[in-house]
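Subject: Model for your review, with notes

Dear colleague,

Please find the structure below, handed over for you to look through at your own pace. My notes come after it, and I would be glad if you read them with the model open beside you.

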Amino acid sequence: MSSTMQSNGEYVKVGTTERLSFGAGDLATNIAWGAMSTYIVFFYTDVLGLAAAAIGTIMLLSRFLDGISDVAMGAVVDRTRSKQGRARPWLLWLAIPFAISLVLVFTVPDVSNAWRIAYIAVFYNVLVLVFTAIVIPYGTLNTRMTRDFQQRSSLNVTRMFAATAGTLLVTVATIPLVNALGGDQRAWILSFVVFGAIAAGLFLTTYRNTRERITDPLAATQQPSLKDSLKAALSNRYWVILFLVFLVFSVAESLYTGASAYYARYILGDTNFVALVSFLLYIPALIGMLIMQGIYRRFGKITPMIIGAAIFVVGSVIIAIDPSNINLAIIGTLVRGVGRIPIFGAIWGMLPDTIEYGEWKTGRRIEGVLYSAGSMGQKAGYGVGAAVLGWIMSAAGYSGLLATQPDTAITAITAIFIYVPAALFVLLIVLFLLYRLERIYPTVESDLAARHRASETGNAPE
């Protein structure tokens, strides 16, 4: 451990510049994630005219394969040793490849549809793998900057504010920017050259201005094997529950964000309305993040998340009254956006808590593998959502080449945008009720602090 780390300590208060720089990483991440979740299926079906079922299948398979790479990358992070730490150097190494791979998924050549599908299968997976290789270390960085519970919670609120801003940026700005550049495939490519450059610069900012302070109790060669790490993860009940929370939440998000462009175009009658839908969904989160830290401090995370999920369901009911009514769509989407605030603000901050619980229970701190629960659940969920979106749309007779869609396709769009996400948020409430780590976390925190003090003095804890 360096002298700088010793002087700063593991329970250090993170300064404003460092906290904002940490949040910049999630701003970068969600510029890509917002594109993939909101526009990628729409781009492939409506701009390139490819079959929705084929695109959905590619995304589903790639996300499940990517689940393996998430765990593997977590193990790599656990074994990484450098002067910059375990996590930070990956941001430096992969910032530029991340930007390039983001652009390549839109740079589909003008060849036969079979070769286009093959191209997409290759380069979409390249993006997902590079995404994994940079987002797992980035997320792990939260657990290595400080052990202080409130500081980590503050870091999480900052990153979620930035994540929301990134998603809002790409969802609101993409269509106007694409249209301003000509509206064709070239316009999409140029737009994501811009977004990719911004993302790379933000990742490099995170690398430069953050620090890792956690003492590594084991050398890289003493870390448990991947098999033992997975066994430890699966024995961590709250890690498992949180993985399911990420999975369900991400499926729901993938469905209603992925369907928003279709909903705006075919039910509300204006594709440009997708920007307003996104604005109404994410602006409440930006405002809400400013007050959530105080709410979490007073009420914990679970109670606000349960209330938030219930509010989201209410918003869905409002839209369902008349899906073609633009006023109800505005009100319902705004209410949905309010409901997402407590969940979006806390979900990533719960992962470090499960890591501390795992160390308390087993004596081993496997940050990378345990953190992969979030990324793995998120990406698997978005993969399932994208596949379900493509399959249902295809089965319902949807074709991006048709000016007017059949009634079955309109019904499918309505169900995907309104009803299925509402049902999934009900399931989230059940999972939140099963997550009881908050009740014992003060004991976990105090016991770990005693162990660390004993380790420093060479005495066993009482």
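The notes below take up the core, some buried polar residues, the salt bridges and a surface patch.

This is a predicted model, in which local features need pLDDT of at least 70 and side-chain atom pairs count only at pLDDT 80 or more, whereas totals for chains, interfaces and linings use all residues. Residues are numbered from 1 along each chain as its sequence is written, and side-chain values use heavy atoms, with hydrogens and water left out.

**The core**

The largest nonpolar core (a set of buried Ala, Val, Leu, Ile, Met, Phe, Trp, Tyr and Cys residues joined through side-chain atoms within 4.5 Å) has 131 residues, of which Tyr44, Phe106, Tyr262 and Phe425 touch the most other members. Helix α6 (residues 113–145) gives the most to this core, namely 14 residues; helices here are DSSP runs of H or I with at least four residues, numbered from the N terminus. Apart from this core lies another one, of eleven residues, which include Ala75, Phe243, Ile355 and Met376.

Tyr44, in helix α3, has a relative accessibility of 0% and counts as buried, where buried means under 20% relative accessible area, exposed over 50%, and partly exposed in between (1.4 Å probe, protein chains only). With neighbours within four places in sequence left aside, Tyr44 is in contact (heavy atoms within 4.5 Å) with Gly49, Leu50, Ile55, Met59, Val105, Val108 and Ile120. The side chain of Tyr44 also reaches the backbone oxygen of Val105 at 2.6 Å. Phe106, for its part, touches Ala35, Ile40, Phe43, Gln185, Trp188, Ile189 and Phe192, residues up to four places away in sequence not being counted.

Helix α11 (residues 260–267) is mostly covered, with seven of its eight residues buried, among them Tyr262, Tyr263 and Tyr266. The helix is followed by Gly269, whose phi is positive, near 90°.

**Buried polar residues and salt bridges**

Which side chains make polar contacts with Asp46? Asp46, found in helix α3 (residues 40–47), is joined to the side chain of Arg265 by a polar contact of 2.5 Å and to that of Tyr398 by one of 2.7 Å. A polar contact is a pair of N or O atoms within 3.5 Å; within protein, one must be able to donate a hydrogen and the other to accept it, and residues adjacent in sequence count only if both atoms are side-chain atoms. Arg265 and Asp46 also form a salt bridge, defined as a side-chain nitrogen of Lys or Arg within 4 Å of a carboxyl oxygen of Asp or Glu. This pair links distant parts of the chain, Arg265 being in helix α11 and Asp46 in helix α3, 219 residues apart. Arg265 is partly exposed, at 30% relative accessible area, while Asp46 is buried, at 17%.

A search of the whole structure finds eight salt bridges, and two others deserve a mention here. Glu18 forms one with Arg213, the closest N and O atoms being 2.8 Å apart, and both of these residues are buried. In Arg159 and Asp26 the closest N and O atoms are 2.5 Å apart; Arg159 lies in helix α7 (residues 149–180) and Asp26 in helix α2, so this salt bridge ties together parts that are 133 residues apart in sequence.

Glu212, in the loop between α8 (185–209) and α9 (226–234), is buried at 3% relative accessibility. Its side chain makes a polar contact with the side chain of Arg144 (2.6 Å), and a polar atom of that Glu212 side chain lies 2.9 Å from the backbone nitrogen of Arg86.

**The surface patch**

On the surface, Leu92, Trp93, Ile96, Ile100 and Leu204 make a nonpolar patch of about 460 Å². Such patches are made of residues with over 30% relative accessible area and no salt bridge, like charges being joined within 9 Å and nonpolar side chains (Val, Leu, Ile, Met, Phe, Trp, Tyr) within 5 Å; accessible areas come from the Shrake-Rupley method with a 1.4 Å probe, and for residues only the protein chains shown count as cover. Helix α5 (residues 88–104) supplies the largest share of the patch, four residues, and Leu92, which is in this helix, is partly exposed at 39%.

With best regards

How values were computed
Helix = DSSP H or I, 4+ residues; strand = E, 2+ residues; numbered from the N terminus.
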